[in-house]
Amino acid sequence: MSLTKEALASLTGLAAVTLAVVGILIMGDPPNSTEATAAQVVEHYKDNEGAVFFGSFLVGLSAVLIVFFGGQLSKALVAAERERGTLHAVTLAGSALLAVALLVGATLNITLADNADDLSPTALQAINALA
């Protein structure tokens, strides 16, 4: 059985969700931004540096796949809309925004893990609140 390009592109949505969920599970629960002390935040990211890097990589990869899935879904919606509609544009823009949000989150987590020894504990705590 041979899969067409369209079928493979459609599967990118499933692959993206799978990678994002696995990446988040690998990273584990981050310290609670309202309850964790700065020392606890530093300790968490020092102890889990490898897991945070790998999980963030998977989440970043899922962002790329989300863009491909959004493009495929937008293409299907263009074909389904009889008149010039806007649903395909909203779908494409939404997938791009989701990809950006995933990449920002992954980047913040990599920043936390990479700089756990270099930044002040309060700076790490502030970045943790954003992530």
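A nonpolar core is a set of buried Ala, Val, Leu, Ile, Met, Phe, Trp, Tyr and Cys residues joined through side-chain atoms within 4.5 Å. Keep that in mind, and remember that what you have open is a predicted model.

**Start with the whole chain.** Colour by secondary structure and you'll find 5 helices and 0 strands. Walking from the N terminus, the order reads α-α-α-α-α. Now turn the C-alpha trace around: along its principal axes it spans about 60 × 35 × 20 Å. The radius of gyration is 18 Å, while a compact globule of 131 residues would come in near 14 Å.

**Next, select the core.** The largest nonpolar core holds 19 residues. Show Val41, Tyr45, Val52, Val59, Leu102, Leu112 and Leu124 as sticks; these have the most contacts inside it. Which elements give two or more residues to this core? They are helix H1 (5-27), helix H2 (38-47), helix H3 (49-80), helix H4 (87-114) and helix H5 (121-130).

**Zoom in on Leu112.** Leaving aside residues up to four places away in sequence, Leu112 touches Tyr45, Leu124, Ile127, Asn128 and Ala131. Tyr45 and Leu124 are already on your screen from the core selection.

**Zoom back out to contacts.** Of the chain's contacts with a separation of 6 or more, 71% join residues 24 or more positions apart.

**Finish on the surface.** Buried residues make up 31% of the 131 in the chain. Switch on the accessible surface: it comes to about 8100 Å², and carbon and sulfur atoms own 67% of that. Last, colour by charge: the 5 positive and 11 negative charges have mean positions 23 Å apart.

Terms used: Residues numbered from 1 in each chain as written. Predicted model: local features only at pLDDT ≥ 70, side-chain atom pairs only at ≥ 80, totals over all residues. Heavy atoms only, no water. Buried < 20%, exposed > 50% of the residue type's maximum accessible area, 1.4 Å probe, protein only. Helix = DSSP H or I, 4+ residues; strand = E, 2+ residues; numbered from the N terminus. Contact = heavy atoms within 4.5 Å. Rg over C-alpha atoms; globule rule 2.2 N^0.38 Å. Areas by Shrake-Rupley, 256 points an atom, 1.4 Å probe, with all protein chains shown as cover. Lys, Arg positive; Asp, Glu negative; His and termini not counted. Charge placed at Lys NZ, Arg CZ, Asp CG, Glu CD.
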